[in-house]
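Work through the exercises below with the sequence and the model side by side. Each task is followed by a solution that goes step by step.

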Amino acid sequence: MVGVSDGQTPAQAAAVAGARVGRPLLSLSLAAVMDEVHAHSGGVYLLAADEQVLEMAVTAGLPRQFAAPWERVGLSAPIPVAEAVRGRRLVWVGGEEDMARRYPRIAVVLPYPFALAALPLATANRAYGAVFVTWPGSHPPELSERERKHLTAACDRLAIRLERAVADNRSLHAEPDLLPATVTGVAGTLGTVEAVRMVARLPYGLVSLDLHGRVGFANAAAAELLGTPVGELLGTHLWASVPWLNDPMYEDRYRAALISQHVTSFVALRPPGDWLSFRLYPSETGLSVRVSKARAVAEMTRSAPQTGAGPSRLVTISQLLSLSAALTEAAGVQDVVQLVADEIVPAVGSQAVVILGSQAGRLHVLGHRGYPDAHVVERFDGTPLTERLPGTHVLNSGVPAFFDSWRQLARLYPEQSRNPSPFAAWAYLPLIASGRPVGTCVFAYAEPHVFPTDERAVLTSLGGLIAQALERALLYDAKNQLAHGLQQALLPRSLVPPPGIEAAARYLPATRGMEIGGDFYDLVPTRPLAAAVIGDVQGHNVTAAGLMGQIRIAVRAFTTGGQPPEEVMSSTNRLLVDLGADLFASCLYLRLDPAHGLAVMARAGHPPPLLRRPDGRVRVLDLAGGPLLGIDAEATYPTTEVHLAPGSVLVLYTDGLIESPGVDIEDALACLGELLTTIGDQPLERLADELVGQSVAAGERVDDVALLLLRARGDGADG
């Protein structure tokens with residue numbers, strides 16, 4: 001790391017670095033542009049040689065660890081430097097709320113007031129990387145024309161230099177970061193011995209921290225207040241050398257002061273009962289910290305009732321990681337609503353939540369938790385988006401709204417004459433994903449609640465995470481509805497068994513992935529002999545389902561045409577080969593002759609059926625058969641004749657009924673046979689439910705399940 005003495009500008013710092021390591025092209029250019037636009041910090045990224053990745057090459061002004069999560073950035077990442085390279089344009093983020101709304105992942109990690117500009121390093125022929133610079137929160141919300149011109153010109157010049165370097169076969173690589181050097185020794189910090197004596201006489205503590213948070217100086221009063229000798233403080237991080245300051249909130253205040261360049265403060269409890277006040281004064285070289293007794297807080301603590309320790313900050317980093325991980329696991333919209341209610345509502349201190357969406361120009365309540373009277377929320381379902389309400393306004397504008405009290409909300413929305421809910425404050429967060437609004441999240445609070453700037457930023461950032469989960473969930477639900485409708489359309493709506501036969505069927509989708517698969521069954525009521533079929537096309541997608549529908553239609557057509565079982569299977573197999581679908585299917589086909597108590601079966605790689613005799617004995621039918629459908633156009637499928645005595649039950653199923661990770665198929669088949677022996681006398685519909693409910697498929701299913709039950713009645717009556 002390059003050391004720079006106090007008082008040097010970034011350009012002077014880069015010159016010093018250049019004297020030591022040659023001419024660091026990136027460092028000099030970055031320092032120059034920061035000086036020109038009076039930026040507080042910045043960095044340069046270079047595009048990796050063989051990857052679509054930006055790698056941080058040099059930083060200036062602030063420690064590199066502040067940007068540690070973005071050391072390597074994919075070009076598709078939703079952050080400003082990647083967006084600048086993708087779009088070959090300047091990206092401007094005007095402040096804390098703008099960052100939270102557009103780049104919630106950054107705002108959650110750095111929820112501080114600062115402005116940022118990112119620009120591409122690119123010529124007409126090639127992109128080389130990107131530059132970013134930041135300003136404290138006092139910067140105007142808009143980038144000035146002067147700043148824009150300086151930034152654009154500087155990045156264009158650097159891009160040309162990079163192009164020349166590549167043409168000259170000079171390698172582009174990381175350079176030492178530009179940071180002020182740590183100053184050691186009191187005289188170097190305070191100037192004169194007399195000044196040191198003056199500081200020593202002050203009744204409050206003074207501590208000097210460098211940009212990395214290390215203690216460079218502490219007076220005797222600070223050591224006494226902190227309860228740690230000066231010698232043990234020097235060169236250490238304050239929150240590491242003082243055990244009771246080892247809290248993420250206190251380190252967060254140090255980062256907030258440096259990034260925003262605003263004075264920040266906090267109070268901390270020194271055990272057993274002394275409250276201390278810390279006030280942090282930032283500059284471009286570090287922090288001066290004033291430490292004193294917080295008498296007002298101590299008095300309040302003594303007079304207030306004792307309660308358990310509350311959270312140190314609104315949402316900690318560990319909570320954030322947990323919430324992010326949980327949101328990625330939410331599948332449907334209701335999963336998202338429940339997760340927000342269970343995880344995020346307690347974390348932000350609210351008592352209820354509503355998730356709103358829109359469809360066809362109207363507001364829709366996607367879900368809510370915590371409202372004692374559901375009608376209070378659901379009465380807004382179907383409201384036109386043109387109606388003037390906080391929910392519609394936030395959804396339309398994409399701008400968050402915070403209401404500290406009902407009075408404030410009613411003043412802005414006088415149409416709301418009364419508060420029908422038991423809540424007294426609300427945060428309306430726009431849910432924006434992929435650049436478009438997908439909904440609104442409303443957190444409700446039981447008591448009036450002031451929303452400071454940092455809390456608004458964190459809430460808005462959480463809204464961004466919720467939006468991404470909601471977008472995925474809406475897509476999942478839409479696909480699920482499509483899959484369910486397609487599956488229902490491809491399976492028979494009802495079964496019409498021939499005289500002398502009872503029939504019942506069940507279909508269960510896999511519990512993972514989209515709710516659609518290739519399992520099918522059918523009962524073809526041709527006369528004089530009906531037919532039954534069950535099969536399984538490999539895969540769990542629309543292609544498998546579409547092919548399943550074609551097979552089912554083909555079997556019906558060949559059956560209606562009068563083909564015997566072996567020809568029905570051969571014809572279907574040839575059709576599947578001719579379609580060239582690259583998918584295979586197992587199938588079991590049988591022609592039913594209830595008048596003579598017979599069934600003629602043909603099998604194509606399908607699990608063997610079970611036959612329960614009237615006396616309760618169960619047999620696995622070892623049928624002759626051929627290969628899976630769709631492999632060999634010349635394959636043949638021999639048939640087997642099976643006797644069906646009155647009261648016999650034939651169980652046809654797909655492999656999902658007996659296959660489960662960690663379960664042996666033979667054992668599962670034996671268990672199914674034992675169950676059938678025990679409960680096989682039940683009515684067929686109830687038996688179907690029991691077989692599915694007590695099989696290995698009752699839990700989590702990696703495959704879909706089809707089940708077709710046929711019982712021979714032997715009475716010749718219509719089914």
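The exercises that follow treat confidence, one helix and a set of salt bridges.

This is a predicted model, in which local features need pLDDT of at least 70 and side-chain atom pairs count only at pLDDT 80 or more, while totals for chains, interfaces and linings use all residues. Residues are numbered from 1 along each chain as its sequence is written, and side-chain values use heavy atoms, with hydrogens and water left out.

**Exercise 1. Find where the predictor's confidence is under 50, and set this against the chain average.**

Step 1. The average pLDDT (the predictor's confidence in each residue, from 0 to 100) is 83 for the chain, and 86% of the residues score at least 70.
Step 2. Residues 182–191 stay under 50, and the model gives them 12 contacts beyond four places in sequence, a contact meaning heavy atoms within 4.5 Å.
Step 3. Residues 297–313 are also below 50, with 10 contacts in the model beyond near neighbours in sequence.

**Exercise 2. Describe helix H21 by its span, its buried residues and its packing partners.**

Step 1. Helices (H or I, at least four residues) and strands (E, at least two) are DSSP runs, numbered from the N terminus.
Step 2. H21 covers residues 565–579, and its 15 residues reach 21 Å from first C-alpha to last, close to the 21 Å expected at 1.5 Å a residue, where the expected span is 1.5 Å times one less than the number of residues.
Step 3. Its buried residues include Pro565, Val568, Met569 and Leu576; buried means under 20% relative accessible area, exposed over 50%, and partly exposed in between (1.4 Å probe, protein chains only).
Step 4. The buried residues of H21 pack against helix H20 (542–560) and the strands S22 (585–593), S23 (598–604) and S27 (639–643).
Step 5. After H21 comes Gly580, with a positive phi near 60 degrees.

**Exercise 3. Which parts of the chain do the salt bridges Asp522–Arg552 and Asp689–Arg506 link?**

Step 1. A salt bridge is a side-chain nitrogen of Lys or Arg within 4 Å of a carboxyl oxygen of Asp or Glu, and by this rule there are 15.
Step 2. Asp522 and Arg552 meet at 3.0 Å, N to O, and this pair links strand S20 (residues 519–524) to helix H20, 30 residues apart.
Step 3. Asp522 is buried at 1% relative accessibility, and Arg552 is buried at 14%.
Step 4. In the Asp689–Arg506 pair the closest N and O atoms are 2.8 Å apart, and the bridge links helix H23 (residues 684–693) to strand S19 (residues 501–508), 183 residues apart.
Step 5. Asp689, at 45% relative accessibility, is partly exposed.
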